[in-house]
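The following exercises practise the reading of a helical protein model. Please attempt each task before studying its solution.

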Amino acid sequence: KQNLLIYKLGKNHLIIEDYEKALPYFQMSILHPVSQDLSLNTSKKIQQLQAISYGEDLSKAISFLEKAHPQKTIQILYPYRNQPSFIVHMLLGKAYAMKNQPNEAIVFFKKSQSYSQNNVEKNEASKQILKMQEWIKFNQKPKTLPALSNPIKRISPWEQYFIHGKQLYN
């Protein structure tokens, strides 16, 4: 009877569209099902709630990425990193790129490429990988000019006079 009560609590939260609270009740009730029919029904509800949660998380992650909050995007999507999803890995790659972490971004872009369903997705992932590789190459180059073997000597006004035949400075 306790399991039936747990199931009903989940159902009540489902009725009022409080999906986050409904899901754990259904997950608990499936561990000790009251009946086979109820167990099957509970499994379907869990799948539906997980799909709703996934969709909401994707929407939130995209919104945070558009608002330049890559860390929040990562926090939302990282739990889904083991799912074979092009979009999840593409968004994680973009979030890491936005955080100036191109090596991590490449890992997720390569995964998104492996999960691509068509040439458009595959090309987008390839393009992102190339961007990150170029970024890494560019940032590995020295940022200062190398020292000259013959440093330029500052010439005094007196020396300029004799070299150029006239005085350049007063």
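**Exercise 1.** In a left-handed or a right-handed crossing, how does helix 5 pass helix 7?

*Solution.* The model is predicted, local features need pLDDT of at least 70, side-chain atom pairs count only at pLDDT 80 or more, and totals for chains, interfaces and linings use all residues. Residues are numbered from 1 along each chain as its sequence is written, and side-chain values use heavy atoms, with hydrogens and water left out.

Step 1. Recall the terms. Helices (H or I, at least four residues) and strands (E, at least two) are DSSP runs, numbered from the N terminus. A crossing is left-handed if the near helix is turned anticlockwise from the far one by less than a right angle, and right-handed if clockwise.

Step 2. Apply them: the crossing of helix 5 past helix 7 is left-handed.

Step 3. Identify the contact (heavy atoms within 4.5 Å). Helix 5 contributes F86, M90, K94 and A97, while helix 7 contributes E121, E124, A125, Q128, M132 and W135.

Step 4. Classify these residues. Ala, Val, Leu, Ile, Met, Phe, Trp, Tyr, Cys and Pro count as nonpolar, Asp, Glu, Lys and Arg as charged, and the others, Gly among them, as polar. The contact of helix 5 with helix 7 thus holds six nonpolar, one polar and three charged residues.

**Exercise 2.** Determine how helix 4 and helix 5 are oriented to each other.

*Solution.* Step 1. Take the axes, which are lines fitted to C-alpha atoms, for helices over the stretch in contact, with angles from 0 to 180 degrees between N-to-C directions. Those of helix 4 and helix 5 come within 8 Å and cross at roughly 150°.

Step 2. Compare with the cut-offs: under 35 degrees is roughly parallel, over 145 roughly antiparallel, 65 to 115 roughly perpendicular, and the rest oblique. Helix 4 is therefore roughly antiparallel to helix 5.

Step 3. Add the handedness: helix 4 passes helix 5 in a left-handed crossing.

Step 4. List the partners. From helix 4, P70, T73, I74 and L77 meet V88, L91, L92, A95, Y96 and M98 of helix 5. This contact of helix 4 with helix 5 comprises nine nonpolar residues, one polar and no charged.

**Exercise 3.** Is T73 buried or exposed? Treat K72 in the same way.

*Solution.* Step 1. Buried means under 20% relative accessible area, exposed over 50%, and partly exposed in between (1.4 Å probe, protein chains only).

Step 2. T73 lies in helix 4 and counts as buried because its relative accessibility is 0%. Leaving aside residues up to four places away in sequence, T73 touches A61, F64, L65, L91 and A95.

Step 3. K72 is also placed in helix 4, but its relative accessibility is 40%, so K72 counts as partly exposed. The C-alpha atoms of K72 and K60, 12 residues apart along the chain, are separated by 8.9 Å.

**Exercise 4.** Describe the largest nonpolar core and the chain around it.

*Solution.* Step 1. A nonpolar core is a set of buried Ala, Val, Leu, Ile, Met, Phe, Trp, Tyr and Cys residues joined through side-chain atoms within 4.5 Å.

Step 2. The largest one has 24 residues, and L58, L77, V88, L92, A105, F109 and M132 have the most contacts inside it. Helix 5 supplies the largest share of this core, eight residues.

Step 3. Beyond four places in sequence, A105 touches G93, Y96, A97 and M132.

Step 4. Finally, consider the whole chain: there are eight helices and zero strands, and 30% of the 170 residues count as buried.
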